[in-house]
Amino acid sequence: DRDLYAKHVIVGWSDVKDRAGNDVPWSKEACAELLQKLPNDIFDEVRNFCIDPDNFRAGSVAEVSKNS
């Protein structure tokens, strides 16, 4: 399931850092590695975000970020 998200659902990211604070450039491989390391409850949050079409309407991501 996590590999499918890295290959077919998540198409990029910003502000993802490694433990040393360095930016992690997006790639399918880096995404798969990150998703494999996530605890189940955190991956469930990612999955729930991805299956909600309202998160992909114009302005939705900016509003979610602003309200976090």
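In which helix do E33 and K37 both lie, and how many residues apart are they? Both sit in helix α2, 4 residues apart, or about one turn of the helix. Their side chains come together in a salt bridge at 3.2 Å, N to O, where a salt bridge is a side-chain nitrogen of Lys or Arg within 4 Å of a carboxyl oxygen of Asp or Glu. An α-helix has 3.6 residues a turn, so residues three or four places apart point the same way. E33 counts as partly exposed, at 46% relative accessibility, while K37 is exposed, with a relative accessible area of 62%. For these classes, buried means under 20% relative accessible area, exposed over 50%, and partly exposed in between (1.4 Å probe, protein chains only).

A word on the model. It is a predicted one, in which local features need pLDDT of at least 70 and side-chain atom pairs count only at pLDDT 80 or more, whereas totals for chains, interfaces and linings use all residues. Residues are numbered from 1 along each chain as its sequence is written, and side-chain values use heavy atoms, with hydrogens and water left out.

Overall, the protein has 4 helices and 0 strands, and reads α-α-α-α along the sequence. Helices (H or I, at least four residues) and strands (E, at least two) are DSSP runs, numbered from the N terminus. Of the 68 residues, 21% count as buried. The accessible surface comes to about 5,300 Å², with 52% of it belonging to carbon and sulfur atoms; these areas come from the Shrake-Rupley method with a 1.4 Å probe, and for residues only the protein chains shown count as cover. As for contacts (heavy atoms within 4.5 Å), residues 24 or more positions apart account for 41% of those with a separation of 6 or more.

Back in α2, the buried residues are A30, C31, A32 and L35, and their cover includes α1 (2-9) and α3. R2, in helix α1, is buried as well, at 13% relative accessibility. Not counting residues up to four places away in sequence, R2 touches L35, Q36, L38, P39, N40 and F43. R2 and E33 are 31 residues apart in sequence, with their C-alpha atoms 9.2 Å apart in space.

The salt bridge count comes to 5. One of them pairs the side chains of D1 and R47 at 2.1 Å, N to O. That pair links distant parts of the chain, with D1 in the segment before α1 and R47 in helix α3, 46 residues apart. R47 also bridges to D44, at 2.9 Å, N to O. Here the partners both lie in helix α3, 3 residues apart, again about one turn. Through shared partners, these salt bridges join D1, D44 and R47 into one network. Both of the helix α3 members are partly exposed: R47 has a relative accessible area of 25%, and D44 comes in at 34%.

Then there are the pockets. Rolling a probe the size of a water molecule over the atoms shows where empty space is left. On a 1 Å grid over the protein atoms alone, a cavity is a set of points where a 1.4 Å probe fits but cannot get out, and a pocket is an open set with protein on both sides within 12 Å along at least five of seven lines; lining residues have an atom within 4 Å of a point. Grid points are joined across faces, edges and corners, and a volume is the space filled by probe spheres set on the points.

The largest pocket has a volume of about 580 Å³. Its lining is made up of 19 residues, with I10, G12, W13, V46 and F49 nearest the centre. Helices α2 (28-37) and α3 (40-51) each supply at least two lining residues, and α3 gives the most, with 5. By class, this lining has 15 nonpolar, 2 polar and 2 charged residues. Ala, Val, Leu, Ile, Met, Phe, Trp, Tyr, Cys and Pro count as nonpolar, Asp, Glu, Lys and Arg as charged, and the others, Gly among them, as polar.

The second largest pocket holds about 300 Å³. Among the residues that line it are W13, V16, E33 and K37, and the lining has 5 nonpolar, no polar and 5 charged residues.

One backbone oddity remains: D15 has a positive phi of about 60° although it is not a glycine. D15 sits in the loop between α1 and α2 and is exposed, with a relative accessible area of 69%.
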